[in-house]
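Grab a pen and work through a few exercises on the structure shown below. Each task comes with a solution that goes step by step.

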Amino acid sequence: MGRGKFKGKPTGHRNFSTPEEMLAGSSSRPRTFKKEEAEEVVEEESEEEVEEEQDEEPEKRKGTSGLIEIENPNLAKSKNLKAKNADIEKTTELSRREREEIEKQKAHERYMRLQEQGKTEQAKKDLERLALIRQQRAEAAKKREEEKAAREQKKTEARK
């Protein structure tokens with residue numbers, strides 16, 4: 001029978017093996033935990049032996065790659081290098097996009113430095129506008145003071 005949209009949780013379907021089943025080996029639960037640990041120890045030892053053998057033997061290449069050494073720029077190089085194989089003094093070449101991005105950042109920093117010093121055209125225009133605005137504000141402030149002084153004189157004359 002259909003249950004509808006929602007299905008029940010499978011928590012009620014747990015099967016536990018009895019100690020007799022475990023001893024007999026007919027348990028449905030896998031008994032691989034101790035075996036896996038033992039296999040890991042054996043694998044570690046075999047990896048060390050393989051690494052020692054690799055140090056002694058040069059790399060074997062398949063096909064014609066062993067005969068001809070080429071520099072193919074499109075060839076996918078292995079990204080993960082071991083620390084002992086890494087060449088510390090070798091500098092990695094940047095891609096075109098990375099170089100352009102770095103150049104763009106440097107140019108922007110240079111422009112901003114010149115902008116702060118007021119040496120660019122835009123900075124000169126901004127400084128001219130700023131000077132004009134300061135002059136207008138000073139004139140407006142002076143005019144307000146004169147009007148205020150004139151009002152005070154009128155008040156004093158009206159009182160007399």
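**Exercise 1.** Is Thr-120 buried or exposed? Work out where this residue sits and what its side chain touches, keeping in mind that the model is predicted.

*Solution.*
- Start with the location: Thr-120 is in the loop that runs between α3 (96-117) and α4.
- Next, check the cover. Thr-120 has a relative accessible area of 10%, and the cut-off for buried is under 20%, so Thr-120 is buried.
- Now look for a partner: at 3.2 Å, the Thr-120 side chain reaches the backbone nitrogen of Ala-123.
- For context, buried residues account for 2% of the 160 residues in the protein chain.

**Exercise 2.** Sketch the overall layout of the protein chain: how many helices and strands are there?

*Solution.*
- Count the elements: the protein chain has 4 helices and 0 strands.
- Put them in sequence order and you get α-α-α-α.
- Add the surface: about 17,200 Å² of the protein chain is accessible, and carbon and sulfur atoms hold 50% of that.

**Exercise 3.** Find the salt bridges: how many turn up in a search of the whole structure? Describe the residues in each pair.

*Solution.*
- Recall the principle: oppositely charged side chains can pair when their charged atoms come close.
- The search of the whole structure gives 2 salt bridges.
- Take Arg-96 and Glu-100: their side chains form a salt bridge at 3.2 Å, N to O. Both residues belong to helix α3 and are 4 residues apart, which is about one turn of the helix.
- Check how open that pair is. Arg-96, at 49% relative accessible area, is partly exposed, and Glu-100 is partly exposed too, at 41%.
- Move on to Asp-126 and Arg-129, whose side chains meet in a salt bridge at 3.1 Å, N to O. They are 3 residues apart in helix α4, so about one helical turn separates them.
- Asp-126 has a relative accessible area of 31% and is therefore partly exposed.

**Exercise 4.** Which residues form a positive surface patch? Place Arg-151 in its helix.

*Solution.*
- List the members: Lys-148, Arg-151, Lys-155 and Arg-159 make up a positive surface patch.
- Then locate Arg-151: this residue is in helix α4, which covers residues 121-159.

Note on methods. Residues numbered from 1 in each chain as written. Predicted model: local features only at pLDDT ≥ 70, side-chain atom pairs only at ≥ 80, totals over all residues. Heavy atoms only, no water. Patch = residues over 30% accessible without salt bridge, like charges linked within 9 Å, V, L, I, M, F, W, Y side chains within 5 Å. Areas by Shrake-Rupley, 256 points an atom, 1.4 Å probe, with all protein chains shown as cover. Salt bridge = Lys/Arg side-chain N within 4 Å of Asp/Glu carboxyl O. Lys, Arg positive; Asp, Glu negative; His and termini not counted. Charge placed at Lys NZ, Arg CZ, Asp CG, Glu CD. Helix = DSSP H or I, 4+ residues; strand = E, 2+ residues; numbered from the N terminus. Buried < 20%, exposed > 50% of the residue type's maximum accessible area, 1.4 Å probe, protein only. Polar contact = N/O pair within 3.5 Å; in protein donor to acceptor, adjacent residues only side chain to side chain.
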